[in-house]
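I open this notebook page to record what I looked up in one model, entry by entry.

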Amino acid sequence: GLAASEKMAAARFNTEEHKIFDHHVYALCGDGCLQEGVSAEAMSFAAHEKLDNLILLFDSNDVTLDKMAEFTQSEDHAMRFTAYGWDVITLEDGLVD
(Lines give C-alpha, C1' and ligand atoms only; values in the text may rest on other atoms or scores of the structure.)
Protein backbone atom coordinates (compact mmCIF):
# COMPACT_ATOMS: atom_id res chain seq x y z
CA GLY A 1 0.00 0.00 0.00
CA LEU A 2 2.90 2.41 0.52
CA ALA A 3 3.79 2.63 -3.18
CA ALA A 4 0.16 3.23 -4.15
CA SER A 5 -0.40 5.85 -1.45
CA GLU A 6 2.81 7.65 -2.46
CA LYS A 7 1.55 7.85 -6.06
CA MET A 8 -1.84 9.15 -4.85
CA ALA A 9 -0.19 11.80 -2.66
CA ALA A 10 2.10 12.83 -5.53
CA ALA A 11 -0.88 13.26 -7.86
CA ARG A 12 -2.65 15.42 -5.31
CA PHE A 13 0.14 17.55 -3.83
CA ASN A 14 3.03 17.72 -6.31
CA THR A 15 3.31 20.70 -8.62
CA GLU A 16 5.71 21.51 -11.45
CA GLU A 17 7.71 23.65 -9.01
CA HIS A 18 7.58 21.34 -6.00
CA LYS A 19 8.01 17.56 -6.06
CA ILE A 20 7.05 16.75 -2.47
CA PHE A 21 6.38 13.05 -3.07
CA ASP A 22 9.03 11.59 -5.34
CA HIS A 23 10.67 8.53 -3.82
CA HIS A 24 10.84 4.77 -4.11
CA VAL A 25 9.41 2.12 -1.81
CA TYR A 26 11.63 -0.91 -1.19
CA ALA A 27 10.31 -4.30 -0.12
CA LEU A 28 12.36 -7.35 0.85
CA CYS A 29 11.15 -10.93 0.43
CA GLY A 30 12.34 -14.49 0.03
CA ASP A 31 11.14 -17.77 -1.41
CA GLY A 32 8.68 -18.46 1.41
CA CYS A 33 7.08 -15.02 1.07
CA LEU A 34 6.11 -15.69 -2.53
CA GLN A 35 4.34 -18.91 -1.57
CA GLU A 36 1.58 -16.84 0.02
CA GLY A 37 -1.34 -16.14 -2.33
CA VAL A 38 -1.50 -12.49 -1.35
CA SER A 39 1.90 -11.98 -3.01
CA ALA A 40 0.39 -12.79 -6.43
CA GLU A 41 -2.41 -10.31 -5.84
CA ALA A 42 0.03 -7.60 -4.74
CA MET A 43 2.34 -8.17 -7.73
CA SER A 44 -0.57 -8.07 -10.14
CA PHE A 45 -1.97 -4.88 -8.56
CA ALA A 46 1.41 -3.13 -8.64
CA ALA A 47 1.90 -3.98 -12.32
CA HIS A 48 -1.66 -3.00 -13.26
CA GLU A 49 -1.34 0.34 -11.47
CA LYS A 50 2.14 0.87 -12.98
CA LEU A 51 3.74 1.48 -9.60
CA ASP A 52 7.20 2.25 -10.98
CA ASN A 53 8.19 3.55 -7.55
CA LEU A 54 8.11 0.04 -6.05
CA ILE A 55 11.32 -1.99 -5.91
CA LEU A 56 11.19 -5.58 -4.66
CA LEU A 57 14.44 -7.15 -3.56
CA PHE A 58 13.89 -10.90 -3.75
CA ASP A 59 16.41 -13.20 -2.09
CA SER A 60 16.17 -16.46 -4.00
CA ASN A 61 18.12 -18.62 -1.58
CA ASP A 62 15.90 -21.69 -2.13
CA VAL A 63 14.87 -21.85 1.54
CA THR A 64 11.35 -21.61 2.97
CA LEU A 65 10.08 -21.82 6.54
CA ASP A 66 9.24 -25.50 6.18
CA LYS A 67 12.13 -26.90 4.20
CA MET A 68 14.24 -26.35 1.10
CA ALA A 69 12.24 -24.71 -1.70
CA GLU A 70 12.80 -27.60 -4.12
CA PHE A 71 10.33 -29.64 -2.03
CA THR A 72 7.58 -27.02 -1.99
CA GLN A 73 7.76 -25.03 -5.24
CA SER A 74 8.94 -25.33 -8.81
CA GLU A 75 8.11 -22.03 -10.46
CA ASP A 76 10.50 -19.57 -12.08
CA HIS A 77 10.00 -16.41 -10.02
CA ALA A 78 11.66 -14.12 -12.56
CA MET A 79 9.28 -15.37 -15.26
CA ARG A 80 6.35 -14.88 -12.91
CA PHE A 81 7.28 -11.24 -12.30
CA THR A 82 7.90 -10.70 -16.02
CA ALA A 83 4.47 -12.15 -16.80
CA TYR A 84 2.88 -9.63 -14.45
CA GLY A 85 4.66 -6.82 -16.30
CA TRP A 86 7.50 -6.05 -13.91
CA ASP A 87 11.00 -5.09 -15.02
CA VAL A 88 13.24 -7.90 -13.74
CA ILE A 89 16.98 -7.69 -13.11
CA THR A 90 18.66 -10.90 -11.98
CA LEU A 91 21.90 -10.83 -10.01
CA GLU A 92 23.98 -13.97 -9.58
CA ASP A 93 25.83 -14.01 -6.25
CA GLY A 94 25.13 -10.29 -5.85
CA LEU A 95 27.02 -9.33 -8.99
CA VAL A 96 25.66 -7.39 -11.98
CA ASP A 97 26.63 -8.73 -15.40
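My opening query was this: is Ser39 buried or exposed? I found Ser39 to be buried, since its relative accessible area is 11%, where buried means under 20% relative accessible area, exposed over 50% and partly exposed in between, with a 1.4 Å probe and protein chains only. Ser39 sits in helix α2, and, residues up to four places away in sequence not counted, Ser39 touches Cys33, Leu34 and Arg80, a contact being heavy atoms within 4.5 Å.

Basis of the entries. I note that this is a predicted model, in which local features need pLDDT of at least 70 and side-chain atom pairs count only at pLDDT 80 or more, while totals for chains, interfaces and linings use all residues. Residues are numbered from 1 along each chain as its sequence is written, and side-chain values use heavy atoms, with hydrogens and water left out.

Overall layout. I listed 3 helices and 2 strands in the protein chain, and from the N terminus on they run α-β-α-β-α; helices (H or I, at least four residues) and strands (E, at least two) are DSSP runs, numbered from the N terminus. Of the 97 residues in the protein chain, 26% are buried. Taking contacts between residues at least 6 apart in sequence, I noted that 72% join residues at least 24 apart.

Core. I then looked up the largest nonpolar core, a core being a set of buried Ala, Val, Leu, Ile, Met, Phe, Trp, Tyr and Cys residues joined through side-chain atoms within 4.5 Å. This core has 11 residues in all, among them Ala3, Val25, Met43, Phe81 and Trp86. At least two of its residues come from each of α1 (2–13), β1 (25–30) and α2 (37–48), and α2 gives the largest share, 3 residues. As a general remark, nonpolar side chains tend to be buried together in soluble globular proteins.

Val25. Val25 lies in strand β1 and counts as buried because its relative accessibility is 12%. Neighbours within four places in sequence aside, I found Val25 in contact with Leu2, Ala3, Asn53, Leu54 and Ile55. Val25 and Asp52, 27 residues apart in sequence, are 9.4 Å apart in space from C-alpha to C-alpha. For Ala3, with the neighbours within four places again set aside, the contacts are Val25, Leu51, Asn53 and Leu54.

Pocket. Which residues are the closest to the centre of the second largest pocket? They are Ala27, Ala42, Met43, Leu54 and Leu56, out of 21 residues that line the pocket. The elements giving two or more residues to this lining are α1, β1, α2 and β2 (54–59). I recorded the lining as 19 nonpolar, 2 polar and no charged residues, where Ala, Val, Leu, Ile, Met, Phe, Trp, Tyr, Cys and Pro count as nonpolar, Asp, Glu, Lys and Arg as charged, and the others, Gly among them, as polar. On a 1 Å grid over the protein atoms alone, a pocket is an open set of points where a 1.4 Å probe fits, with protein on both sides within 12 Å along at least five of seven lines, and lining residues have an atom within 4 Å of a point.

Lys50 and His77. Lys50 lies in the loop between α2 and β2 and counts as exposed, as its relative accessibility is 66%; its phi is near 55 degrees, a positive value in a residue other than glycine. His77, by contrast, counts as buried at 9% relative accessibility; His77 is placed in helix α3 (residues 77–84) and touches Asp31, Leu34 and Phe58, residues up to four places away in sequence not counted.
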